[in-house]
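Thanks for sharing this one. Here are my notes, set out as numbered points so that you can follow them with the structure open.

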Amino acid sequence: MPAIKTERLAREFAGGITAVDGIDLEVAAGEIYGFLGPNGAGKTTTVRMLTTLLLPTGGSATVAGHDVASEAPAVRRKIGVALQEAALDPLMTGRELIQLQATLHGLPRARGRELGDALLQRVGLTLAADRRVGTYSGGMRRRLDLAAALVPSPEVLFLDEPTTGLDPVSRGAIWEEVEKLNSEGTTVFLTTQYLEEADQLADRVGIISAGRLVAEGTPAALKAEVGRPHLELSLADGEVDGEQCESILSRFGRPLPPRDGLHLVELERGASEVGAVVRALDEAGLAVESLDLVEPTLDDVFVAKTGQHLEGADEQADGESPP
Amino acid sequence: MIERLVANARVVAALGARSVKQTARRPQLAAPLVIFPTALLAIQTGGAGRAVDLPEFPPVESFLAFMLAGAMVQSVMLAGNSGGIALALDIEMGFTDRLFAAPISRFGVVLGRLAGTAALGAMIALWFVAIGLIFGVEFEEGVAGVLWIVVLVSASSLAFGGIGAAIALKSGKASVVQGLFPLVFVILFLSTAFFPANLMLEPAASVAEYNPLSFIVEGIREPIVAEFQLADQLEAVAAILGIGLFGIALSWVALRARARTGG
């Protein structure tokens, strides 16, 4: 039984605005599914339907084997939810929030207290547990939100843009925790607008644009669909013989048009040929000054499918990834 | 069945406790409940204390004794409004989504808020009873009368809280609920909260006579200044029930609409 299954799932809002337009997806139990798309693509609306916060206007969806519309209470018993913007009461303490969450999930007081302590420790908030949430940093709020989502020991965990706006260190801490949770058997449905997040965490990625699922697969398969890795290299000063260089590069794959003084070639056999390219140029007396192997990214996939870049793609290219 | 009821009661109690703490921790929610009505009570009793000498003014021990019920009702109306603001803030910051995604009755979330408002009502009643006692008011019906006052004020708080909650659920905006703040005073001044109806000019006197708030005020005032009259108390209870059921019904409708639209 899939952890999540949707068939032509749709949501239309007043005024004829279609936020989600007939999405079919299937997430296997134990999988991390990355739902990638720019702002306004329909990611949050999809999550709100799957978490029973919003009724679909078309199609159907089941989560943990229960229909989100007709068996909403059963769905809610099986899921954990950390919504966008970490919806936390700034006046409550971290401990109060976790204990309230335990009460909402019907845990006895003593068990709630015990579990609360364990979860706060798990996300590294024991020392801040009795401070008001309003004094927490963005990263601490997200970790508290994650801890709250884990109170019911969910079969399926929904994380709606869990790292948006976080610094690289905090982002890394969340990623680590998500991987750990998944290794313990929790299915994770993760929405994100960060390419690297989807690439690093997700077993499979669904790309959504304008309410439609435009691509789905493992990150590697999706990237392979749009092309092979290409090599970008520049030659040392005074040794620029474009024609000779391109003739050598063409032995290893399809040369691409030069750009900003760089010679480009799409490597037929991928990264394993980099050494051979450098040796061939060297044998021809051409000294390589710099060399970069560029892999296709999920942004390339997004561009190939929609003709547009994903927001945040440039930001990540500038070194926003966690350590 | 009983297990489910107990679980729901625990949720309502936990949300009620959160609501009380939230009010205590947010000065802009707590101040209107105590400071404004107490200040108004002090100003009115200090400035218009000789009103009791007017011909046809009801026989009361002091103007403070007459005014206490009005102050209590003013305070609980503001508590209802503050409860609505707090609920709207929860909606604005997405906290209600956290609650609605939990396996509990969604109306339990509203009931939790109302339980907190009712608890605040009981505290408000005790606060004004204490003020009365400190400044020499003798409660005609003694301890039983004070206990009955606490019950009526607490129930009124819940009733007004229902209306605040309905507006919060319908609008989802704290500013809208806050905008109703002046309306509280209009309704209060068109009741017998601060002045006897028989000394008002028309049409205010007629409005005050039929204003449900007047029935509540008189029900609370009676054990302070006179002996219990069953008919007056039944009228007060009926007015509270009417306002409460109206508010809760409106909240129910607004909650269902919110669940449909996911707003």
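**Notes on the two chains**

1. Let me begin at a small detail of the chain A sheet: Val63(A) stands opposite His66(A) in S5(A). The two strands here, S4(A) and S5(A), pair in the antiparallel sense over 2 bridges; strands pair if DSSP finds at least two bridges between them. Their hairpin has 2 residues between the strands, and Ala64(A) takes a positive phi near 50 degrees in it. Helices (H or I, at least four residues) and strands (E, at least two) are DSSP runs, numbered from the N terminus.

2. A word on conventions. Residues are numbered from 1 along each chain as its sequence is written, while chains are lettered from A and ligands numbered from 1 in the order in which they are written. Please keep in mind that this is a predicted model, where local features need pLDDT of at least 70 and side-chain atom pairs count only at pLDDT 80 or more, whereas totals for chains, interfaces and linings use all residues.

3. Back to the sheet. It is open, has 4 strands and follows the order S2-S1-S4-S5 in chain A, with antiparallel pairing. Strand S2 (17-27) and strand S5 (66-67) of chain A are the edges, each pairing on one side only. Strand S1 (residues 4-13) of chain A is joined to S2(A) by 8 bridges, and one of the residue pairs is Ala10(A) with Asp21(A). S1(A) also runs antiparallel to strand S4 (residues 58-63) of chain A, with 5 bridges; there, Ile4(A) has Val63(A) as its bridge partner.

4. Chain B offers quite another picture, with 11 helices and 0 strands. Its radius of gyration, taken over C-alpha atoms, is 19 Å, close to the 18 Å that the globule rule gives for 263 residues, so chain B is as compact as a globular protein of that length. The rule itself is 2.2 Å times the number of residues to the power 0.38. Along its principal axes, the C-alpha trace of chain B spans about 60 × 35 × 35 Å.

5. How much of chain B is buried? The share is 46% of its 263 residues, where buried calls for 20 or more other C-beta atoms within 10 Å of the residue's own, exposed for 12 or fewer, and partly exposed lies in between, with C-beta atoms placed from the backbone. Phe189(B), in helix H8 (residues 181-189) of chain B, counts as partly exposed because it has 16 C-beta neighbours inside 10 Å.

6. Now the largest nonpolar core, a set of buried Ala, Val, Leu, Ile, Met, Phe, Trp, Tyr and Cys residues joined through C-beta atoms within 7 Å. It has 153 residues, and those touching the most other members include Leu144(A), Phe189(A), Leu68(B) and Met72(B). Helix H3 (residues 63-92) of chain B gives the most to this core, with 19 residues.

7. Finally, the contact between the chains takes 21 residues from chain A and 21 residues from chain B, contact meaning C-beta atoms, placed from the backbone, within 7 Å. On chain A, helix H2 (72-78) and helix H3 (94-104) each supply at least two residues of the side that touches chain B. That side has 11 nonpolar, 5 polar and 5 charged residues; Ala, Val, Leu, Ile, Met, Phe, Trp, Tyr, Cys and Pro count as nonpolar, Asp, Glu, Lys and Arg as charged, and the others, Gly among them, as polar.

How values were computed: Two residues are in contact if their C-beta atoms, placed from the backbone, lie within 7 Å.
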